[in-house]
Every structure is written in C-alpha cells, then in structure tokens.
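Biologist: I'm new to this one, so could you pick a single part and take me through it slowly? I'd like a close look at the metal site, and then whatever else you can show me along the way.

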Amino acid sequence: MRLYKTSGGIIVEMNNTFYTTNEDFDTLVNRDNLYGYLSSPGKPATITAEDAKQLIQSSLLPPIGTQEVWAAGVTYLRSRDARMEESKESGGATFYDKVYVAERPELFFKSLPHRVAGHEQEVYIRKDSKWDVPEPELTLYINSKGSIQAYTVGNDMSSRSIEGENPLYLPQAKTYERSAALGPCLYIPEQPINPDTNIHMVINRNGKPIFEGTIKISQMKRTLPELAGFLFREMDFPTGCFLMTGTCLVPDNDFTLQPGDSVSISIDEIGTLTNKVVYRPVK
Ligand code: DO4
Ligand code: MG
C-alpha cells in the first residue's frame with residue numbers, strides 16, 4: 001500500500017485501486033496500525049486510477065507533516081570506510097571505526113519539515129563546500145509510540161569536505177536548506193520490509209549517467225528496530241518522526257556533485273525519488 005501527499009489531498013493506493021482522504025496527514029499516519037486502518041473495509045475507490053496518477057504527477061508534496069527528520073550514520077561498511085578516508089588528515093578517522101562496532105549507533109538531527117524537498121523538487125549543495133554527494137537511504141516513518149509503520153526513499157545530501165575537515169562540523173555538513181529529500185510516497189506494507197530490498201541510485205550529468213550503484217538493505221550492520229529504539233530512548237515525537245538509516249553507496253573520492261546534476265534513488269516497492277541539484281538561490 002502506498003500513500004501520496006498532494007496539494008489536492010491524500011491519495012491511498014492499494015493493488016492499483018485508489019481512494020482519497022481529507023484526514024489530517026499527521027493524525028492519519030500516526031494511527032496505531034496504519035496498514036490495518038487504511039485497508040479496512042468501507043474505503044471504496046473514490047478516484048479513478050487515471051485521475052489519481054494525474055493528481056500525483058501534477059501536485060505531489062513530500063510525504064511529511066510536522067515530523068522532524070533524523071538520520072543514522074555509519075550503518076554500512078562502505079560508509080565507515082569512506083568517512084575514515086575523508087577524515088584521515090583531521091585525525092577523526094577512528095571515531096567512525098569505533099561507532100561502526102559500538103552498541104550505540106550514530107544518530108543525528110537532519111531536518112525540520114520545511115527544509116525537505118519532495119520528488120522532482122530541487123536539492124541544494126552548499127556554496128562553501130568543495131565535495132558534495134547524495135546519500136541514498138531507506139527512510140523509516142516511526143509513529144509516536146516508536147513503531148515503524150511506513151518507509152520512504154531518502155536522500156541525505158552531504159558535504160564531504162566540511163564533514164572531513166572536522167567531525168564537529170557534522171551539523172553544517174548535513175543540515176542546511178534542502179539537504180534532505182523524501183518521497184515519492186509512504187510505503188505501508190503489512191509486514192516489515194523485506195531484507196532483500198534493493199536501493200539503486202543513478203546520478204545523471206548532461207543526460208548521461210556518471211554514477212550508478214545498487215545495494216541490498218540486508219547489508220546494513222544494524223537492525224531497523226534497533227535504530228528506532230535508540231532514537232526513542234529519551235525523546236518524544238508527538239506526531240512520529242522520520243529516520244534515514246544510512247548510506248552504502250558512496251561514489252569514488254574524485255566525484256563531486258555539480259549544479260544541474262540529477263539524482264534518482266529507487267527502492268523496490270516504494271518508487272523513485274528524483275531531485276535536481278542546484279545552489280540555493282540568493283535571496
Ligand atoms: O558521520 C557521518 C555521517 C554518516 C552518514 O550520513 C551515513 O553513513 O549515511
Ligand atoms: Mg547518511
């Protein structure tokens with residue numbers, strides 16, 4: 001089942017049958033058993049597949065309400081190795097090595113909802129950064145009781161030059177306007193997501209792929225409930241929250257994003273999140 005947030009209301013898709021609901025987004029997604037609620041009888045199709053697809057195409061919004069976006073880091077071996085390399089000179093490399101095997105995961109605040117880009121919206125790279133990458137990440141929607149209810153595609157846009165200069169600069173490397181993208185929908189399965197699920201990313205420059213890669217989420221060192229559990233240890237999220245779960249696809253060190261590039265991240269069953277990369281417009 002998939003839930004799309006549009007400027008014309010919420011659209012729910014189940015087996016290619018669609019219905020709309022005017023329920024408040026935050027109240028709806030925070031229901032105890034979201035799959036059960038959305039699939040319960042008495043929800044007849046209220047919109048044709050053609051009209052639903054048209055609405056989704058023309059007025060899609062990021063699938064977020066008032067929730068904070070958090071992120072986990074160094075959850076895959078490839079991410080650990082890349083961070084160790086980039087922070088060699090600053091002497092920060094051992095922190096990544098340690099956190100990869102530590103009981104406590106790395107969790108950091110990523111974004112408030114108003115900074116989040118949706119599918120086909122622009123993401124930004126910092127003008128004071130020399131080395132920028134997208135990070136394709138399975139992203140969880142966790143309700144206020146700490147239960148994982150849905151999944152979406154996330155892009156944790158990151159400055160590797162700022163992060164590599166000093167690990168204490170992490171918030172500046174990770175949190176700035178339009179550094180987080182989520183979409184296109186919330187995927188709400190009856191059972192937890194399949195570990196065989198693939199994450200695929202392609203970066204296009206001038207219409208041609210310049211980076212492409214695929215990984216399975218089963219390569220993650222930690223479990224999804226473990227990450228959610230740590231996040232909820234000493235924090236309340238009244239309408240739930242989003243948690244990006246870390247990247248495993250890191251382009252080679254000679255790669256940096258440029259304005260005009262297009263990043264497409266696909267996760268099986270969820271869909272594709274595409275964002276054009278630009279500098280933040282001068283105000
Ligand atoms: O500590 C650096 C950030 C790690 C991260 O964002 C990731 O592994 O995805
Ligand atoms: Mg990341």
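Modeller: Let's start with two residues, Glu137 and Asp156: both are buried. Keep in mind that this is a predicted model. Glu137 and Asp156 help hold the magnesium ion (ligand 2), and Glu135 is the other protein donor, with the donors lying 2.0 to 2.1 Å from the ion. Glu135 and Glu137 each give an OE atom, while Asp156 gives an OD. Read along the chain, the donors follow the spacing E-x1-E-x18-D. Glu137 and Asp156 tie distant parts of the chain together, 19 residues apart: Glu137 sits in strand β9 (residues 136-142) and Asp156 in strand β10 (residues 148-156).

Now for the inside of the protein. The structure has 1 cavity of 30 Å³ or more, and the largest cavity has a volume of about 90 Å³. It is lined by 16 residues, and Gly73, Val74, Arg83, Glu106 and Lys174 come closest to its centre. Strands β4 (69-73) and β5 (106-111), along with helices α4 (77-86) and α7 (170-174), each bring at least two residues to that lining. By type, the lining splits into 7 charged, 5 nonpolar and 4 polar residues.

One last stop is strand β1 (residues 2-6), where 5 of 5 residues are buried. Arg2, Tyr4 and Thr6 cover one side, with Leu3 and Lys5 on the other. β1 runs antiparallel to β2 (residues 9-14), joined by 5 bridges, and the two form a hairpin with 2 residues between them. Thr6 of β1 has Gly9 as its bridge partner in β2. β1 is also antiparallel to β12 (residues 180-187), through 2 bridges; there, Arg2 partners Tyr187.

Conventions: Residues numbered from 1 in each chain as written. Chains lettered and ligands numbered in written order. Predicted model: local features only at pLDDT ≥ 70, side-chain atom pairs only at ≥ 80, totals over all residues. Heavy atoms only, no water. Donors = N, O, S within 2.8 Å, 3.2 Å for Na, K, Ca; no water. Helix = DSSP H or I, 4+ residues; strand = E, 2+ residues; numbered from the N terminus. Buried < 20%, exposed > 50% of the residue type's maximum accessible area, 1.4 Å probe, protein only. 1 Å grid on protein atoms, 1.4 Å probe; cavity = no way out; pocket = protein on both sides within 12 Å on 5 of 7 lines; lining within 4 Å. Points joined across faces, edges and corners; volume = space filled by probe spheres on them. Nonpolar A, V, L, I, M, F, W, Y, C, P; charged D, E, K, R; others polar. Pairing = 2+ DSSP bridges.
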